[in-house]
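Colleague: Hey, could you walk me through this one? I'm new to it.

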Amino acid sequence: MRADPIYRVIFFNQAEVYEIYVQNVYQSDLYGFLEVEGFLFGERTQVVVDPSEERLKTLFGAVNRSYIPLHTVIRVDEVEKE
């Protein structure tokens, strides 16, 4: 495994399913929330422009840390790469 793991977090938000890749996942101090930070973009598709990847960049590009309600989380995986 890599020394610095990558996590894939899949969750619901406003009737859509989001799949994001982050460097850190924590149980938040805010009760009932999952804390994610270190968003990773652009490594999955380097040659072809992926519209879903571009949409995620616009939503989470300037975000340092996000709090996701636990009841919306579908799955969290530790992965080798995006």
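Modeller: Sure, let's start with the ground rules and then go through the sheet, the core and a few residues.

Modeller: This is a predicted model, so local features need pLDDT of at least 70 and side-chain atom pairs count only at pLDDT 80 or more, while totals for chains, interfaces and linings use all residues. Residues are numbered from 1 along each chain as its sequence is written, and side-chain values use heavy atoms, with hydrogens and water left out.

Colleague: Cool. What's the strand order in the open sheet?

Modeller: The order is E4-E3-E2-E1-E5, five strands with antiparallel pairing. Strands here are DSSP runs of at least two residues (E), helices are runs of at least four (H or I), and both are numbered from the N terminus. Two strands pair if DSSP finds at least two bridges between them.

Colleague: And which strands stand at the edges?

Modeller: E4 (65-69) and E5 (73-79); each has a single partner strand, so one side of each lacks a neighbour in the sheet.

Colleague: How many bridges join E1 to E2?

Modeller: Seven, running antiparallel. The two strands form a hairpin with two residues between them, and Gln14 in the turn has a positive phi of about 50°. On the other side, E1 pairs with E5 over six bridges, also antiparallel.

Colleague: Where does Arg8 fit in? What is its bridge partner in E2?

Modeller: That's Tyr21. In E5, Arg8 has Asp77 as its bridge partner.

Colleague: Switching topic: which residues make up the largest nonpolar core?

Modeller: There are twelve, including Tyr7, Phe11, Ile20, Leu34, Phe60 and Ile68. A nonpolar core is a set of buried Ala, Val, Leu, Ile, Met, Phe, Trp, Tyr and Cys residues joined through side-chain atoms within 4.5 Å. Buried means under 20% relative accessible area, exposed over 50%, partly exposed in between (1.4 Å probe, protein chains only). Strands E1 (6-13), E2 (16-27) and E3 (33-39) and helix H1 (51-60) each supply at least two residues of this core.

Colleague: What does Phe11 touch, leaving aside neighbours within four places in sequence?

Modeller: Its contacts (heavy atoms within 4.5 Å) include Tyr18, Ile20, Phe60 and Ile68.

Colleague: One more: is Glu37 buried or exposed?

Modeller: Glu37, in strand E3, counts as buried because its relative accessibility is 15%. Its side chain makes a polar contact with the side chain of Tyr26 (3.4 Å). A polar contact is a pair of N or O atoms within 3.5 Å; within protein, one must be able to donate a hydrogen and the other to accept it, and residues adjacent in sequence count only if both atoms are side-chain atoms.
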